There are 2 protein chains.
Amino acid sequence: MARQPTIKDVAKAAKVSTATVSRALKQPELLANATRERVLEAVRQVNYTPNLMARNLRRQETKSIFLVVRDMRNPFYLEVFSGVEEEARALGYTVLMGNTEDSIERAHFYFDLVRARHADGLILMTGKLPDILDDLARDQLPPLVVALEYFTDFHLPTVRIDNEAAAADAVRHLIALGHTRIAHISGPIPEIMSTGRHDGYVMALTESGQKADPAMTVRGDFTMASGHSGCRRLMARDNPPTAIFCANDEMAMGAINELRELGYSVPHDISVIGFDDIVFAGAFYPPLTTVRQPRHDIGKTAMRLLNGALIGAPNANEEVIMPTELVVRGSTAPPKQN
Amino acid sequence: MARQPTIKDVAKAAKVSTATVSRALKQPELLANATRERVLEAVRQVNYTPNLMARNLRRQETKSIFLVVRDMRNPFYLEVFSGVEEEARALGYTVLMGNTEDSIERAHFYFDLVRARHADGLILMTGKLPDILDDLARDQLPPLVVALEYFTDFHLPTVRIDNEAAAADAVRHLIALGHTRIAHISGPIPEIMSTGRHDGYVMALTESGQKADPAMTVRGDFTMASGHSGCRRLMARDNPPTAIFCANDEMAMGAINELRELGYSVPHDISVIGFDDIVFAGAFYPPLTTVRQPRHDIGKTAMRLLNGALIGAPNANEEVIMPTELVVRGSTAPPKQN
DNA sequence: ATGAAAGCGCTAACAT
DNA sequence: ATGTTAGCGCTTTCAT
């Protein structure tokens with residue numbers, strides 16, 4: 001590429017000072033009509049684009065934010081990302097993607113990038129928040145929004161769902177179908193998201209008068225493989241479940257594929273329910289009954305909150321709880337009559 | 001956050017000039033051991049992080065690159081992204097994500113962002129390259145790498161697969177199984193990727209002595225919905241196919257789900273083969289036979305090429321063809337004997 | 001309504 | 001081996 005024209009080139013072409021060029025672009029109302037026109041014409045003529053590095057340095061802002069996720073290969077985050085990106089574009093930000101792979105150091109790396117003024121703020125969608133935020137004093141925190149996860153030690157702007165209520169809804173659906181032996185494949189407890197979903201499972205069972213048998217909960221890690229193995233362990237029990245509530249869709253898919261290998265038919269023999277409504281949940285066979293999270297809106301809201309924090313809006317510290325929705329498809333049915 | 005310490009604060013604390021601080025960080029070997037130690041100690045003491053906006057302005061580089069895709073919600077791009085990101089991190093770059101939604105204006109927007117020095121270069125994974133690059137003279141192009149797609153008018157650094165050969169492999173697999181009525185659900189022709197896969201389909205049929213009946217190709221658009229409808233049209237023919245080669249996995253999934261609704265069993269009645277080996281291809285039922293693209297390596301290679309272009313490496317204009325691999329799973333089988 | 005000039009924080013050329 | 005200094009390109013006082 002040829003050398004970029006600078007504001008000086010425009011100033012020379014329009015025979016004005018660089019300050020006037022800057023004004024023509026930022027506060028055109030301050031200039032006389034004739035001058036403004038002349039400058040804008042010069043801008044076009046020399047094909048000028050403001051240099052963002054210089055502008056950022058001068059303004060002490062980058063107009064970029066980091067979206068930091070646990071594993072960017074998880075399609076779930078993509079839809080959140082597209083929501084963040086949509087809102088960011090409207091607000092004049094660009095979105096950088098960070099990815100911690102569950103490493104606390106990698107998370108701190110993104111905090112450092114904000115310190116280094118590579119971005120103005122962060123949206124965190126990682127687990128292990130307590131560990132990450134542990135030794136950072138409150139006033140050392142960069143502008144920050146927590147999405148999906150949350151942090152209980154002190155109040156941060158947060159957008160999330162009510163995991164407990166959503167999980168309870170899912171389990172109530174199974175109870176309403178008549179299931180009495182309902183198992184749970186959980187996420188990595190004690191992470192707060194997994195704990196919430198497990199609590200909702202226990203809550204729904206308890207309120208219906210069923211006892212939550214601890215042996216009916218096996219711990220997974222949100223991967224399909226852990227759905228496979230968790231399901232195998234559950235079905236090997238003396239009194240195997242007739243329904244399994246999985247803490248996410250991938251584990252539900254793993255469980256269903258395992259059940260097929262074991263010779264069970266879903267939902268005829270066993271019902272399975274997932275969580276998230278990822279994009280392939282409806283295309284799966286059988287189509288997955290699951291809990292939909294408003295991913296796109298979660299992303300938009302997170303960006304909106306972050307912008308609030310960035311411009312120092314008054315009550316930027318709010319916690320927004322987004323609604324969830326049980327999506328009943330083909331992986332759940334009444335229990336088989338024996 | 002408190003005010004960030006600057007290089008001046010370090011200089012004062014270490015009683016040296018700012019230049020010496022800069023050297024301690026960039027070219028420590030130039031300094032006397034004692035000075036270097038003193039400076040680094042001061043850096044720690046005042047908790048200094050270099051301001052990247054200032055560094056970028058001074059160095060005239062951003063150390064960021066844009067990865068521009070057609071639709072970032074497509075999980076396929078994610079794995080490419082993770083490859084780009086891995087290599088970028090190793091080379092000291094951060095990756096910005098751009099997303100054109102197939103709009104030429106949106107694509108140009110990212111070109112403008114490079115002009116505005118928001119990023120140093122671009123990796124393009126969008127269709128419509130000819131339209132996008134149309135009226136840009138060669139010397140107006142920013143540092144640029146094309147991935148997956150390609151552009152024939154003039155030579156750009158490119159990483160891609162041999163779509164024709166890969167598609168031919170897939171179709172040969174069906175031929176080897178004994179199929180003689182093989183249909184194709186294509187991507188949006190005349191885009192080059194779709195054309196290549198269609199050409200491979202025709203080539204494999206022709207070389208085996210089968211005639212490629214144009215009515216056996218229906219045009220899709222890479223969405224699951226177009227797999228559904230394309231499959232329905234094919235199966236409504238007088239002499240329906242016994243096997244369908246789909247130009248990507250989503251369309252193959254759509255086709256399989258449609259076949260199930262029509263009462264066909266895959267692969268017993270009809271074989272279906274996809275392309276890409278997206279992350280859910282193996283979890284699908286039946287597990288999808290498909291053509292695997294080395295997505296992660298494609299991403300890494302693209303970033304490597306872009307870095308070459310950025311540092312002005314000699315033969316940065318190379319075109320890299322990555323290998324593909326036919327992954328035979330459960331969606332293909334010999335044709336049913338009538 | 002416009003211009004002059006300072007300076008954001010850093011690096012690199014030049015000087016010593 | 002270290003310091004001095006001149007910018008990178010822009011925005012924003014402060015003057016006029």
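## Surface near DNA strand C

Of the 24 residues around DNA strand C, those that come nearest are A:Ala19, B:Ile7, B:Ala19, B:Asn51 and B:Ala54; a residue is near a molecule or strand if its C-beta atom, placed from the backbone, lies within 6 Å of it. The model is predicted: local features need pLDDT of at least 70, side-chain atom pairs count only at pLDDT 80 or more, and totals for chains, interfaces and linings use all residues. Residues are numbered from 1 along each chain as its sequence is written, while chains are lettered from A and ligands numbered from 1 in the order in which they are written.

Two or more residues of this surface come from each of helix 2 (18–26) and helix 4 (52–59) of chain A, and from each of helix 2 (18–26) and helix 4 of chain B. Helices (H or I, at least four residues) and strands (E, at least two) are DSSP runs, numbered from the N terminus. Helix 4 of chain B gives the most to the surface near DNA strand C, with 5 residues. By class, this surface has 11 nonpolar, 8 polar and 5 charged residues. Here Ala, Val, Leu, Ile, Met, Phe, Trp, Tyr, Cys and Pro count as nonpolar, Asp, Glu, Lys and Arg as charged, and the others, Gly among them, as polar.

## Surface near DNA strand D

DNA strand D is surrounded by 26 residues, of which A:Ile7, A:Ala19, A:Ala54, B:Ala19 and B:Thr35 are the closest. Helix 2 and helix 4 of chain A, with helix 2 and helix 4 of chain B, each supply at least two residues of the surface near DNA strand D. The most come from helix 2 of chain A, with 6 residues. This surface divides into 12 nonpolar, 8 polar and 6 charged residues.

## Contact between the chains

Chain B and chain A each bring 39 residues to their contact, where two residues are in contact if their C-beta atoms, placed from the backbone, lie within 7 Å. On the side of chain B that touches chain A, two or more residues come from each of helix 4 (52–59), helix 5 (75–91), strand 2 (94–99), helix 6 (104–115) and helix 11 (249–262) of chain B. Helix 5 of chain B gives the most to that side, with 6 residues. The side comprises 21 nonpolar, 11 polar and 7 charged residues.

A turn of 180 degrees and a shift of 0.1 Å along the axis lay chain B on chain A with an RMSD of 0.2 Å, the superposition being by least squares on the C-alpha atoms of residues with pLDDT of at least 70 in both. The two copies are thus related as by a two-fold rotation axis. In chain B, the C-alpha of B:Leu96 is the nearest to the axis, 2.5 Å from it. Of the interface residues of chain B, 100% are also interface residues in chain A, so the copies meet through the same surface.

## Chain A and the nonpolar core

Chain A has 12 helices and 12 strands. Its C-alpha trace spans about 90 × 40 × 30 Å along its principal axes.

The largest nonpolar core has 171 residues, and A:Ile123 and B:Ile123 have the most contacts inside it. Such a core is a set of buried Ala, Val, Leu, Ile, Met, Phe, Trp, Tyr and Cys residues joined through C-beta atoms within 7 Å; a residue is buried if 20 or more other C-beta atoms, placed from the backbone, lie within 10 Å of its own. Beyond its neighbours within four places in sequence, A:Ile123 is in contact with residues including A:Ile65, A:Val84 and A:Leu306.

Key:
A residue is buried if 20 or more other C-beta atoms lie within 10 Å of its own, exposed if 12 or fewer, and partly exposed in between; C-beta atoms are placed from the backbone.
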